[in-house]
Amino acid sequence: MEIQTALLRLSQGAMSNVVRHAHAQHATIRILRDDDYVHLQVTDDGIGMDPDASFGEGSFGLQAIRQRVDELAGEVSLTSKPGEGTIVDVILPIPRSQGEPS
């Protein structure tokens, strides 16, 4: 349930950024899963941004995404260029259930 809740919150945060900042015509949420990881990708065709400045001061939404991913021992990356849209990629490990072989 923790991963499900995290995926919901991460998707909400990323889409909130799309709606508030990207001026995008289209956005896509993709979720892929294998035995060990879940991959969330949010893309838009908006105005883009400087990814080096994205997690800095004043970017509360992206900071919240990074913090949530860090708490779950995951990875987050941002790909963007001004005028070329943005891709937020999140990879989260899936915790093994008790008694499940590792």
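**Exercise 1.** In this predicted model, find which helix gives the most to the lining of the largest pocket, and then describe the lining by element, by residue and by class.

*Solution.* Begin with the elements: helix 1 gives the most to the lining of the largest pocket, contributing six residues. Next, look for the elements that each supply at least two lining residues, which are helix 1 (2-22), strand 2 (37-44), helix 2 (60-71) and strand 4 (86-93). Then turn to the space itself, which comes to about 290 Å³ in the largest pocket. The lining of this pocket is made of 17 residues, and those closest to its centre are Asn17, His21, Met49, Leu62 and Thr86. Finally, sort the lining by class, which gives 10 nonpolar, five polar and two charged residues.

**Exercise 2.** Decide whether Ser80 is buried or exposed, and work out which residues its side chain reaches through polar atoms.

*Solution.* First place the residue: Ser80 belongs to strand 3, which covers residues 75-80. Its relative accessible area is 8%, and because buried means under 20%, Ser80 counts as buried. Now follow the side chain of Ser80, where one of its polar atoms lies 2.9 Å from the backbone nitrogen of Met49, while the backbone oxygen of Gly85 is reached by this side chain at 2.8 Å. As a last step, leave aside the neighbours within four places in sequence, and the residues in contact with Ser80 are Gly48, Met49, Pro51, Gly85 and Thr86. Two of these names link back to the first exercise, since Met49 and Thr86 are among the residues closest to the centre of the largest pocket.

Terms used: Residues numbered from 1 in each chain as written. Predicted model: local features only at pLDDT ≥ 70, side-chain atom pairs only at ≥ 80, totals over all residues. Heavy atoms only, no water. 1 Å grid on protein atoms, 1.4 Å probe; cavity = no way out; pocket = protein on both sides within 12 Å on 5 of 7 lines; lining within 4 Å. Points joined across faces, edges and corners; volume = space filled by probe spheres on them. Helix = DSSP H or I, 4+ residues; strand = E, 2+ residues; numbered from the N terminus. Nonpolar A, V, L, I, M, F, W, Y, C, P; charged D, E, K, R; others polar. Buried < 20%, exposed > 50% of the residue type's maximum accessible area, 1.4 Å probe, protein only. Polar contact = N/O pair within 3.5 Å; in protein donor to acceptor, adjacent residues only side chain to side chain. Contact = heavy atoms within 4.5 Å.
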